[in-house]
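Open the model in a viewer and keep the sequence panel beside it. The stops below say what to select and what is there.

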Amino acid sequence: MYKIAVIPGDGTGPEVINEGLKVIEAASKIFKFKYETTSFDFGGTRYLKTGKTLEDKDIRELKKYSAIYLGAIGHPEVKPGILETGVLLKLRFALDQYINLRPVKLYNAGFCPLKDKKPEDIDFVVIRENSEGLYKGMGEFQNKGKKNEVAIQISYNTRKGVERCLRYAFEFCRNRNKNKKLTLCGKTNVLTYAWDLWQRTFSELSKEYPDITTDYAHVDATTMWFVKNPEWFDVIVTDNMFGDIITDLGAMIQGGMGIAAGGNINPDGVSMFEPIGGSAPKYTGKNVINPLAAICAGGMMLETLGERDAAQAIEKAVIKLVNSKIKSLAAGKMGYSTSEIGDLVVKLLK
Ligand code: IPM
Ligand code: MN
């Protein structure tokens with residue numbers, strides 16, 4: 001019996017999570033697994049009412065679950081930064097979800113903004129370090145508000161943090177069994193402390209994985225290759241900040257935020273799955289947002305829980321759907337409403 005904590009969150013989060021839960025429910029009947037869900041109201045609406053983001057007791061509670069299924073966090077009336085650090089990043093950090101797993105897979109060439117790229121050309125995975133780097137929140141202001149103000153933001157990289165992320169990436173690449181190629185994406189030519197540690201650790205670990213071909217690309221060049229030669233990539237591993245940036249580009253070349261899903265993974269603890277896109281306030285309540293990213297995130301969650309067949313069936317259903325009647329993956333342009341897309345995936349599952 002899986003215990004799933006559901007955090008629908010803000011904006012269109014609840015709408016897309018509803019569709020994801022609809023698909024999980026249908027999959028549970030076909031593949032005969034048992035689960036129960038508990039909903040939590042963390043997010044902007046609760047913050048505006050109570051002034052509270054996420055407390056230590058909330059974290060203690062969430063640790064009792066098998067997985068967390070998250071819609072979106074972000075509210076137009078809350079100052080930027082509060083919910084991001086107080087809810088989303090707090091969840092990632094407090095639950096030590098040190099991997100952010102973001103598959104970039106094109107399901108239909110028609111939805112790719114790149115010319116002449118086919119599904120077989122765009123099929124890679126970005127493994128983003130999810131607990132350190134510039135996201136650590138270290139730094140300070142000096143002479144705040146004065147003409148000689150200095151703002152310092154530190155990229156914090158520990159050998160332990162870097163090594164566990166790289167090890168996960170090597171193992172993932174081995175098990176994925178595609179081209180068995182792992183690319184380290186960094187900036188060794190300028191960020192000579194952080195990327196020296198990353199590169200040294202990478203080359204040390206590579207000796208333990210003779211079956212994996214290793215490669216290195218600077219982050220700026222990586223964005224160029226994503227557009228020019230995405231077929232070069234199999235698995236990419238990078239730090240928190242670069243991973244944040246390149247996965248938005250990755251989402252676009254796979255068809256946009258409507259389809260991009262990710263997992264915040266703690267291999268020894270509670271992992272959390274979410275559509276990569278935000279809360280899309282302007283579409284809230286209109287039943288027009290694309291729930292496929294949330295549905296795919298639900299599939300990733302089932303895969304991680306051990307329900308491989310269910311996860312594969314969900315992916316197959318999504319592939320069938322985006323190769324049949326759907327006109328666009330963008331909100332309001334799909335030719336179907338949010339809930340109709342959920343229904344169609346359920347139908348295709350059978
Ligand atoms: C993401 C988001 C978050 C991040 C924000 C909302 C804090 O952009 O999941 O990529 O920067 O990690
Ligand atoms: Mn991001």
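**Cysteines**

Select C165 to begin: its relative accessible area is 0%, so the residue counts as buried (under 20% relative accessible area, with exposed over 50% and partly exposed in between, for a 1.4 Å probe and protein chains only). This is a predicted model, in which local features need pLDDT of at least 70, side-chain atom pairs count only at pLDDT 80 or more, and totals for chains, interfaces and linings use all residues. Residues are numbered from 1 along each chain as its sequence is written, chains are lettered from A and ligands numbered from 1 in the order in which they are written, and side-chain values use heavy atoms, with hydrogens and water left out.

Next, select C112, which is also buried, at a relative accessible area of 10%. How far is the sulfur of C112 from the closest cysteine sulfur? The distance is 16 Å, to C296, too far for a bond. Go back to C165: the nearest cysteine sulfur belongs to C185 and is 12 Å away, and C165 is in no disulfide. With a disulfide taken as a pair of cysteine sulfur atoms within 2.5 Å, the count is zero.

**Helices α10 and α11**

Select residues 308-322 for helix α10 and residues 338-349 for helix α11. Helices here are DSSP runs of H or I with at least four residues, strands are runs of E with at least two, and both are numbered from the N terminus. The two axes lie 9 Å apart at an angle of about 115° (lines fitted to C-alpha atoms over the stretch in contact, with angles from 0 to 180 degrees between N-to-C directions).

Show side chains where the helices meet. A313, I314, A317, K320 and L321 of α10 face I341, L344, V345, L348 and L349 of α11, contact meaning heavy atoms within 4.5 Å.

**Strand β6**

Now select G139, in strand β6 (residues 139-142). G139 is partly exposed, at 48% relative accessible area. Beyond its neighbours within four places in sequence, which residues does G139 contact? They are I152, Q153 and I154. For a distance check, add W195: 56 residues from G139 in sequence, and 19 Å from it C-alpha to C-alpha.

**The whole chain**

Zoom out to the protein chain, which has eleven helices and twelve strands. Its C-alpha trace spans about 55 × 50 × 40 Å along the principal axes. Of its 350 residues, 53% count as buried. Among contacts with a separation of 6 or more, 76% join residues 24 or more positions apart.
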